[in-house]
Amino acid sequence: MEKFADSPSQQAVIRLLLERGFSVNDEGRVVSGGIEIPNTGIAREVDVDRRVVDATTDAILDDDQLRRIFQNISAIPSLMDLAPVLDLSALAITVRDAEESGIVATVTGAIADRGISIRQTISEDPEFTDQPRLYVITDGTIPGDLLTEIRDMPFVHSIELR
């Protein structure tokens, strides 16, 4: 983000690429796997001109570090929105300080100690979002006393059962 500090529009494009796991190929095209995402669609999504997307992908290809990042990024399917359809429980935890170590281990350990199977965890990176969250999707329902136990952990700011 520092490399685009003087351009909030390009930062918006970068955030979208990172959030969605979109890559940039050698031709400067935004892709998901082998599927090309039109720059006009990217521009519309973040409310910028298409030329901003072009300039951003050009800047990515011109920088060796950014090129390595954006040519190797990929998307991971999330079970968050599918949880209700699949009869899974989804927990969203907002933390006070996402840089603190042991957050994922402490939360998943408490869940595992109850014999609840964890299907997926997703931890948002504090570099890409203002309020990073930890999402935990489980097979079974999460009992109220476990929700209270997690809520009372010192690093937890808020908790939401979805």
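Leaving aside neighbours within four places in sequence, with which residues is Ile118 in contact? In this predicted model, Ile118 touches Thr108, Ile111, Val136, Ile137 and Thr138, once its neighbours within four places in sequence are set aside. The protein that holds these contacts has 162 residues and contains 6 helices and 7 strands. This briefing begins with the overall fold and then turns to selected residues, charged pairs and surface patches.

**Overall architecture**

- Along the sequence, the helices (α) and strands (β) follow the pattern α-β-β-β-α-α-α-β-α-β-β-α-β.
- A box of roughly 50 × 30 × 25 Å, taken along the principal axes, is filled by the C-alpha atoms of the protein.
- Of the 162 residues, 39% are buried.
- Contacts between residues at least 6 apart in sequence join, in 65% of cases, residues at least 24 apart.
- The accessible surface of the protein is about 9,500 Å², and carbon and sulfur atoms account for 46% of that surface.

**Ile118 in strand S5**

- Ile118 belongs to strand S5, which spans residues 118–123.
- Ile118 counts as partly exposed because its relative accessibility is 29%.
- Ile118 and Ser89 are 29 residues apart along the chain, and their C-alpha atoms are separated by 9.5 Å.

**His157 in strand S7**

- His157 is located in strand S7, which covers residues 156–161.
- With a relative accessibility of 48%, His157 is classed as partly exposed.
- Apart from neighbours within four places in sequence, the residues in contact with His157 are Thr94, Val95 and Arg96.
- For His157 and Arg96, a separation of 61 residues in sequence corresponds to 5.2 Å in space, C-alpha to C-alpha.

**Charges and salt bridges**

- The protein carries 15 positive and 29 negative charges, and the mean positions of these two sets are 3 Å apart.
- Side chains of opposite charge can pair when their charged atoms come close.
- The count of salt bridges in the protein is 11.
- One of the salt bridges joins the side chains of Arg51 and Asp49, with an N to O distance of 2.8 Å.
- The two partners fall into separate accessibility classes: Arg51 is exposed at 56% relative accessibility, whereas Asp49 is partly exposed at 37%.

**The network around Arg114**

- Arg114 forms a salt bridge with Asp145, and the closest N and O atoms of this pair are 3.2 Å apart.
- This pair links distant parts of the chain, since Arg114 lies in the loop between helix H5 (103–113) and S5, while Asp145 lies in helix H6 (residues 144–151), 31 residues apart.
- Arg114 also forms a salt bridge with Glu149, where the closest N and O atoms are 3.0 Å apart.
- Because Arg114 is in the loop between H5 and S5 and Glu149 is in helix H6, this pair ties together parts that are 35 residues apart in sequence.
- Glu149 is partly exposed, its relative accessible area being 35%.
- Through salt bridges that share partners, Arg114, Asp145 and Glu149 are joined into one network.
- The other two members of the network are likewise partly exposed, with 36% relative accessibility for Arg114 and a relative accessible area of 49% for Asp145.

**The negative surface patch**

- A patch of negative charge on the surface is formed by Glu2, Asp97, Glu99, Glu100, Asp125 and Glu127.
- Asp125, one of the residues in this patch, sits in the loop between strand S5 (118–123) and strand S6 (133–138).
- Asp125 has 33% relative accessibility and therefore counts as partly exposed.

**The nonpolar surface patch**

- Leu82, Val85 and Leu86 make a nonpolar surface patch of about 280 Å².
- Leu86, one of the residues in this patch, is placed in the loop between helix H4 (64–70) and strand S4 (89–95).
- Leu86 is partly exposed because its relative accessible area is 43%.

Key:
Residues are numbered from 1 along each chain as its sequence is written. This is a predicted model: local features need pLDDT of at least 70, side-chain atom pairs count only at pLDDT 80 or more; totals for chains, interfaces and linings use all residues. Side-chain values use heavy atoms; hydrogens and water are left out. Patches are made of residues with over 30% relative accessible area and no salt bridge: like charges are joined within 9 Å, nonpolar side chains (Val, Leu, Ile, Met, Phe, Trp, Tyr) within 5 Å. Accessible areas come from the Shrake-Rupley method with a 1.4 Å probe; for residues, only the protein chains shown count as cover. A salt bridge is a side-chain nitrogen of Lys or Arg within 4 Å of a carboxyl oxygen of Asp or Glu. Lys and Arg count as positive and Asp and Glu as negative; His and the chain ends are not counted. The place of a charge is taken as NZ of Lys, CZ of Arg, CG of Asp or CD of Glu. Helices (H or I, at least four residues) and strands (E, at least two) are DSSP runs, numbered from the N terminus. Buried means under 20% relative accessible area, exposed over 50%, partly exposed in between (1.4 Å probe, protein chains only). Contact means heavy atoms within 4.5 Å.
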